[in-house]
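Biologist: Could you take me through one part of this model in close detail? I would love to hear about the site around the first ligand, and then whatever else you find worth a look.

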Amino acid sequence: MNDILPAIPPLIDPFARAISYLRVSVTDRCDFRCVYCMSESMTFLPKKELLTLEELDRLCSAFVRMGVEKLRITGGEPLVRRDIMTFFRAMTRHLDSGALKELTLTTNGSQLARFAGELFDTGVRRINVSLDTLDEKKFADITRWGRLAQVLDGIDAAQKVGLKVKINAVALKGFNEDELFALQGWCATRGMDLTFIEVMPMGDLGNEDRLDQYWSLKDLRARLGERFTLTDLAERTGGPARYVRLEETGQKIGFITPLTHNFCESCNRVRLTCTGELYMCLGQEDMADLRAPLRASDNDAVLEDAIRAAIARKPKGHDFDYSRQVVGGQMTRHMSHTGG
Ligand code: SAM
Ligand code: SF4
């Protein structure tokens, strides 16, 4: 049976936004413990809570049938999920049918040397690799468990097989401020675009104080502007990213500023956790459990109804706010849960 056809009405939320982008967290586990993302002693979910790969397939296929054209696989670290390539291979059929326009991945890069070739074979063409520093010692500090060399090998492997790599770096005050041009220059020599992300108040704060870590991208952008000619690009992805081109290198630099920019009006995305919770907004607690309807019946109509009911609850926007120097609109769940 072709599970793409017949076409069914697309997903439109109450603010007339079409939902065309699904981010899927396939695991809450990770081989790193980045300080802004996880605590050192994380308790992970028992296996039975997780959607199986077949369930992930059924859910993602339902979304694709309902108009999702872009699927980003994330986590935790997606490439540490056992047999994850089986899931990627299953999604290839949606690329082949034309229903899915892009299958992509956000990774810490640690397993890329192993999986780059297979990823390319499944139809993945572009990936995001998260990397905040090029200094070995600082890398070990920020990721707690990571090794820089392994990630750099992974990036090499990805580029070698033809995957287009974009680097995502969290902008951290007093941590990678001094590496702005080193990171930009390194990306330029490798033909990679670079996006900076403002640190977000996710998870419990523990001993890290995110107000201290907060480095405004306005400031970062101004510093880039002192050395390069910046041209604003009209390109919008329906998400919180804005782009400029550095005229001297031709490089595209992105800024993800969920805290200082209101991007919600064009939001086209929802997020699915590895347990089947659908978050309609990264910055709101409201979610819909899709695992229950998924497991309750083999009939996909039940699942589709649950998805439509969830989208009908998508809020207008988030409430993140650092403006009063207290962390407002703070979320209690970790980024690794909703998948960043
Ligand atoms: N493990 C993969 C990785 O690191 O790319 C995918 C999941 S990770 C949660 C996705 C992205 O979220 C990464 O780029 C990471 O740097 C970012 N991230 C995690 N916690 C964050 C926070 N508190 N604020 C801003 N970005 C965060
Ligand atoms: Fe793992 Fe990515 Fe979170 Fe770092 S940011 S701990 S690599 S999930």
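Modeller: Happy to! A polar contact here is a pair of N or O atoms within 3.5 Å. Please keep in mind that this is a predicted model. With that cut-off in hand, let us start with Tyr36, where a backbone N or O atom sits 3.0 Å from a nitrogen atom of ligand 1. Gly76 offers a backbone N or O atom too, and that one lies 3.0 Å from a nitrogen atom of ligand 1. On the oxygen side, a polar backbone atom of Thr107 is found 3.2 Å from an oxygen atom of ligand 1. Taken alone, ligand 1 would expose 550 Å², and the protein buries 95% of that. Strand E3 (102-107) and strand E6 (193-198) are the elements that give two or more residues to the shell.

Now for the shell itself. In total, 17 residues surround ligand 1, and the closest are Tyr36, Gly76, Glu77, Ser130 and Met200. Sorted by class, that shell holds 7 nonpolar, 7 polar and 3 charged residues.

Ligand 2 makes a nice companion to this view. Its surroundings consist of Cys30, Phe32, Cys34, Cys37, Met38, Gly76 and Asn108. Gly76 thus appears again, as it is also listed among the closest residues to ligand 1. The shell of ligand 2 has 5 nonpolar and 2 polar residues, with no charged ones.

Strand E3 also leads us to helix H3, since E3 is among the elements that cover the buried residues of H3. Helix H3 spans residues 112-122, and its buried residues are Leu112, Phe115, Ala116, Leu119 and Thr122. Looking down the axis of H3, these buried residues fall within an arc of 135 degrees, so they line one face of the helix. Besides E3, the cover includes helix H2 (84-97), strand E4 (126-130) and helix H5 (148-161). Turned away from that buried side is a face carrying the exposed residues Ala113, Arg114 and Asp121. Just after H3 comes Gly123, which takes a positive phi of about 110 degrees.

One last stop is Ser25, in strand E1 (residues 21-25). Ser25 has a relative accessible area of 0%, so it counts as buried. A polar atom of the Ser25 side chain lies 3.2 Å from the backbone oxygen of Thr27.

Terms used: Residues are numbered from 1 along each chain as its sequence is written. Chains are lettered from A and ligands numbered from 1 in the order in which they are written. This is a predicted model: local features need pLDDT of at least 70, side-chain atom pairs count only at pLDDT 80 or more; totals for chains, interfaces and linings use all residues. Side-chain values use heavy atoms; hydrogens and water are left out. Helices (H or I, at least four residues) and strands (E, at least two) are DSSP runs, numbered from the N terminus. Buried means under 20% relative accessible area, exposed over 50%, partly exposed in between (1.4 Å probe, protein chains only). A polar contact is a pair of N or O atoms within 3.5 Å; within protein, one must be able to donate a hydrogen and the other to accept it, and residues adjacent in sequence count only if both atoms are side-chain atoms. A residue is near a molecule or strand if one of its heavy atoms lies within 4 Å of it. Accessible areas come from the Shrake-Rupley method with a 1.4 Å probe; for residues, only the protein chains shown count as cover. Ala, Val, Leu, Ile, Met, Phe, Trp, Tyr, Cys and Pro count as nonpolar, Asp, Glu, Lys and Arg as charged, and the others, Gly among them, as polar. The arc is that of the directions from the helix axis to the C-beta atoms. Contact means heavy atoms within 4.5 Å.
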